[in-house]
Amino acid sequence: MQTILVTGSNGLLGQKIIYALRNRVDIRCIAAARGPNRLHSKDGYIYEELDLNNPDTLEKTFEKYHPDVVIHTAAMTNVDQCESKKEEAWQSNVETVERIIEQCRVHRSHLIHLSTDFVFDGTKGPYTEEDIPNPLSYYARTKHEAELRIRLSKINAAIIRTIIIYGVVDDNSRSNVVLWTINSLQQEKDIRVINDQFRSPTLAEDLAEACVEAALRRAVGIYHVSGRELMCMLDLVKITATYFGLNEKFIQPVSSAELNQPAARPPVTGFLLDKAERDLGFRPHSFLEGLAIVKNQLKLVGYHFTS
Ligand SMILES: NC(=O)c1ccc[n+]([C@@H]2O[C@H](COP(=O)([O-])OP(=O)(O)OC[C@H]3O[C@@H](n4cnc5c(N)ncnc54)[C@H](OP(=O)(O)O)[C@@H]3O)[C@@H](O)[C@H]2O)c1
């Protein structure tokens, strides 16, 4: 039996990875997160409280479980907050990764690390794994620096870059663009949506599956993993509204310049997925299929649709 340690197990991706790994007879799955476990299902894995900013607890967790693979999903993910809290962002997204690298070296653990399309400047998407990063924001700089440190370290590791993750989270503890659209439009709230940035939305379950495959196959190198469709954020929100029968009149299109967010965002990202398809058997759902999965999950948790 192999041991797989998943950091950030309370987060959107972390939760989906635990649901993909739990109850597998060939895997001892360790879900690690700070504070109490927010997953609804508590069986089929071990929960370990782990604040990654505390080096002692990280070391102790590695000593206790000697993981064969670590899937590191935890990060400071709020892009604008990283701009205003640079020290915290560096600590969470770079120094923590440095400590995880060290522990992986000591325990000979294979690392699967999550990174982002934001390492690119967005001038020539869709991107391959060989394209040259040029991060625009502080968040992107920290994620790129972590990538560089992993590659320099020469430990066995794969870096999985992804784009705009969406899905349903236990405990409603985190939002994402699809849930935000549904919740806001249900409440007839005006929402301002960017009309000049293009992304490929990624169903959290698809990404989780790719992370598990990368772990089981001990993948090495950089992998681009996202949905296939490259679309304007405005279209993404409108498609979601239409799918859920919600009124589009509350959607206010705005340009990046008008919205003037604290952190700069790349205009066009998107990935070419050939490598993940070939090496990891990656086959993402279409965006509409993903929305159908989200709808079913929302129904299961008793979400009330007004339309
Ligand atoms: N979300 C996206 O659209 C997107 C796009 C590209 C790349 N990514 C990357 O994909 C990965 C997963 O993203 P996600 O959407 O699942 O993120 P998420 O929902 O924000 O989850 C991140 C988790 O990390 C945890 N965390 C942060 N600092 C921690 C610390 N010091 N100790 C322990 N846990 C800590 C958070 O804990 P709390 O819940 O306690 O705050 C949270 O549960 C991240 O590495 C992110 O950079 C995400």
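## Close-up views: salt bridges, ligand shell and nonpolar core

**View 1. Arg105 and Glu102 form a salt bridge in helix α4.** Arg105 is partly exposed, with 41% relative accessible area; this class lies between buried, under 20%, and exposed, over 50% (1.4 Å probe, protein chains only). The model is predicted: local features need pLDDT of at least 70 and side-chain atom pairs count only at pLDDT 80 or more, while totals for chains, interfaces and linings use all residues. Residues are numbered from 1 along each chain as its sequence is written, and side-chain values use heavy atoms, with hydrogens and water left out. Glu102, the partner of Arg105, is partly exposed as well, at 36% relative accessibility. Their closest N and O atoms are 3.6 Å apart; a salt bridge requires a side-chain nitrogen of Lys or Arg within 4 Å of a carboxyl oxygen of Asp or Glu. The two residues are about one helical turn apart, because they are separated by three residues in α4 (residues 86-107). Helices (H or I, at least four residues) and strands (E, at least two) are DSSP runs numbered from the N terminus.

**View 2. Further salt bridges involve Glu213, Arg278 and a linked network.** The model has 13 salt bridges by this rule. Between Glu213 and Arg217 the closest N and O atoms are 2.7 Å apart. Glu213 is partly exposed at 24%, and Arg217 is partly exposed at 44%. Arg278 pairs with Asp279 at 3.2 Å. Arg278 is exposed, with 60% relative accessibility, whereas Asp279 is partly exposed at 26%. Salt bridges also connect Glu98, Glu145 and Arg149 in a network.

**View 3. Leu12, Ala75 and Tyr139 make polar contacts with oxygen atoms of the ligand.** A polar contact is a pair of N or O atoms within 3.5 Å; within protein, one must be able to donate a hydrogen and the other to accept it, and residues adjacent in sequence count only if both atoms are side-chain atoms. A backbone N or O atom of Leu12 lies 3.0 Å from a ligand oxygen. For Ala75, the distance from a polar backbone atom to a ligand oxygen is 3.4 Å. Tyr139 places a side-chain N or O atom 2.7 Å from an oxygen of the ligand. On its own the ligand has 900 Å² of accessible area, and the protein covers 89% of it; areas come from the Shrake-Rupley method with a 1.4 Å probe, and for residues only the protein chains shown count as cover.

**View 4. The shell around the ligand holds 23 residues.** A residue belongs to it if one of its heavy atoms lies within 4 Å of the ligand. Arg38, Thr77, Tyr139, Lys143 and Arg174 come nearest. The shell has ten nonpolar, eight polar and five charged residues; Ala, Val, Leu, Ile, Met, Phe, Trp, Tyr, Cys and Pro count as nonpolar, Asp, Glu, Lys and Arg as charged, and the others, Gly among them, as polar. Strand β5 gives the largest share, three residues.

**View 5. The largest nonpolar core has 36 residues.** Such a core is a set of buried Ala, Val, Leu, Ile, Met, Phe, Trp, Tyr and Cys residues joined through side-chain atoms within 4.5 Å. Ile17, Ile71 and Ile160 touch the most other members. Elements that give two or more residues to this core include β1 (2-7), β4 (69-72) and β6 (157-162). The largest share, seven residues, comes from α7.

**View 6. Helix α1 is mostly covered.** Eight of its ten residues are buried, among them Leu12, Lys16 and Ile17. Just after α1, Asn23 takes a positive phi of about 65°.
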